[in-house]
Amino acid sequence: MSTVISIQLVLPEDKVYLAGSSIAGQLVLKLRSTLVDPVVKVELVGRGYLEWKEEDNPHLDYSRSTVTKYGWLDSGVHTFDFNFSFPPGLPSTFTSKIGFISYFIQGTCSGREIVLAKEKKYLLLQGTFGNNEADDPLVVETRKDAVYLCCFGHGSVVLRMYLEKNIFSPGDHIVFVTDISNRTCKYIRKVVFAVHCIVLYKGVNNRGEQRSLEDRSEVTRLESRTNTGPFQIMRVIGTLVLPKPLPITSTRMENEIMSFRYELVGTSNLPCTPSTMVGRLPIIVNCRGVAAFVLRLWGYWRAMVQQCHRAGWFW
């Protein structure tokens, strides 16, 4: 019969942590009898891993731990407080068929180099300090020609998408406007809008050779019924909500196994043809974090005070 009745990690429920913030909690240990020379350990662990086909590279690794040693612990309930700080440069929690970035708190109780009890709880982490510069266009226009009735009928469809801005944070609403110009004799019934996440994976195979792979997946999706009639123009105003947490748009690839970019994509099938038209607008997903916001306010305040001093308003 084990000396340890139970081990429990007590953490805030359903919280998304920012890189650069801290996490505090408790480890609660319940013992059936006295435990001699125990080691109680709490670890904050982060891991990134890639694998496709036979190529793999478990590259990203981050961990911190708190270890407490005692001469003995009496029977009963014992509570241990812990606190960790996340470095500001950590990437966001992410999972795909090819790779993952995950974080968890792990608590263990050992005696005489034998693990007696262990518990693990996964965390959601939002990366910060992404790209804040946007030179990408806010408007895209796509035209597709169609041929009907054995080449005797012609027409075209024009899809034009607008954005007021293209820098967003996880959890933001992306509001966009789309004009559909139907220059055919058929109805356009539906347009699908989605935010795509394009991930570039970089790994090393078993022979030490560099490999890369690009993969695209939908982050969020909206289907709009348009029923745009022949030779009509219809305007669609749509909203997509970005989930949290979400990897931020990458600004570099040094020592990274994954880099991320995003597109707002509008797709429509041409009526009575196998053709599909697609419009793509690049967007930036960024999260500056509390620390960056405070530093920015501090910089503004210092500049204002210096200007007031130069103007002779303060003594």
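Strands here are DSSP runs (E) of at least two residues, numbered from the N terminus. The model is predicted. This briefing covers salt bridges, one open sheet, one pocket and two single residues. The salt-bridge count comes to 11. The open sheet has 5 strands with mixed pairing. The second largest pocket holds about 160 Å³ of space.

**Salt bridge R160–E141**
- R160 and E141 form a salt bridge, with their closest N and O atoms 2.4 Å apart.
- This pair links distant parts of the chain, since R160 is in strand 14 (residues 153-163) and E141 is in strand 13 (residues 139-148).
- The two residues are 19 residues apart.
- R160 has 26% relative accessibility, so R160 counts as partly exposed.
- E141 has 48% relative accessibility and also counts as partly exposed, because partly exposed runs between the 20% and 50% limits.

**Salt bridge R235–D179**
- R235 pairs with D179 in a salt bridge, and the closest N and O atoms are 2.7 Å apart.
- The partners sit in strand 19 (residues 232-241) for R235 and strand 16 (residues 173-183) for D179, 56 residues apart.
- Is R235 buried or exposed? R235 is exposed, at a relative accessible area of 54%.
- D179 counts as buried because its relative accessibility is 10%, and buried means under 20%.

**Salt bridge E263–R280 and its network**
- E263 forms a salt bridge with R280, and the closest N and O atoms lie 3.4 Å apart.
- E263 belongs to strand 20 (residues 258-269) and R280 to strand 21 (residues 276-285), so this salt bridge ties together parts 17 residues apart in sequence.
- E263 is buried, at 11% relative accessibility.
- R280 is partly exposed, at 37% relative accessibility.
- Which residues does the network join? Salt bridges with shared partners connect E214, R216, R261, E263 and R280 into one network.

**The open sheet**
- Across this sheet the strand order is 15-21-20-17-18.
- Strand 15 (167-168) and strand 18 (210-228) are the edge strands, each pairing on one side only.
- Strands of a sheet pair through backbone hydrogen bonds, in either the parallel or the antiparallel sense.
- Strand 15 pairs with strand 21 in the parallel sense, over 2 bridges.
- I167 stands opposite I284 of strand 21.
- Strand 20 pairs with strand 21 in the antiparallel sense, over 8 bridges.
- S268 has M277, in strand 21, as its bridge partner.
- Strands 20 and 21 also hold the salt-bridge partners E263 and R280.

**The second largest pocket**
- Its volume is about 160 Å³.
- One group of lining residues is L11, P12, E13, D14, K15 and Y17.
- The lining also includes K121, Y122, L123 and L124.
- Which strand gives the most to this lining? Strand 12 (residues 114-126) does, with 4 residues.
- By class, the lining has 6 nonpolar residues, 4 charged residues and no polar ones.

**S156 in strand 14**
- S156 lies in strand 14, the strand that also holds R160.
- S156 counts as buried because its relative accessibility is 4%, and the limit for buried is under 20%.
- Leaving out residues up to four places away in sequence, S156 touches R143, K144, D145 and A146, among others.
- Its contacts also include S181, N182, R183 and T184.
- R143, one of these contacts, falls in the range of strand 13 (residues 139-148).

**T267 in strand 20**
- T267 has its place in strand 20.
- T267 is partly exposed, with a relative accessible area of 26%.
- How many residues separate T267 and F193 in sequence? T267 and F193 are 74 residues apart in sequence, yet 6.4 Å apart in space, C-alpha to C-alpha.
- T267 touches V191 and V192, and also T276, M277 and V278, not counting residues up to four places away in sequence.
- M277, a contact of T267, is the bridge partner of S268 in strand 21.
- In a regular strand the side chains alternate between the two faces of the sheet.

Key. Residues numbered from 1 in each chain as written. Predicted model: local features only at pLDDT ≥ 70, side-chain atom pairs only at ≥ 80, totals over all residues. Heavy atoms only, no water. Salt bridge = Lys/Arg side-chain N within 4 Å of Asp/Glu carboxyl O. Buried < 20%, exposed > 50% of the residue type's maximum accessible area, 1.4 Å probe, protein only. Pairing = 2+ DSSP bridges. 1 Å grid on protein atoms, 1.4 Å probe; cavity = no way out; pocket = protein on both sides within 12 Å on 5 of 7 lines; lining within 4 Å. Points joined across faces, edges and corners; volume = space filled by probe spheres on them. Nonpolar A, V, L, I, M, F, W, Y, C, P; charged D, E, K, R; others polar. Contact = heavy atoms within 4.5 Å.
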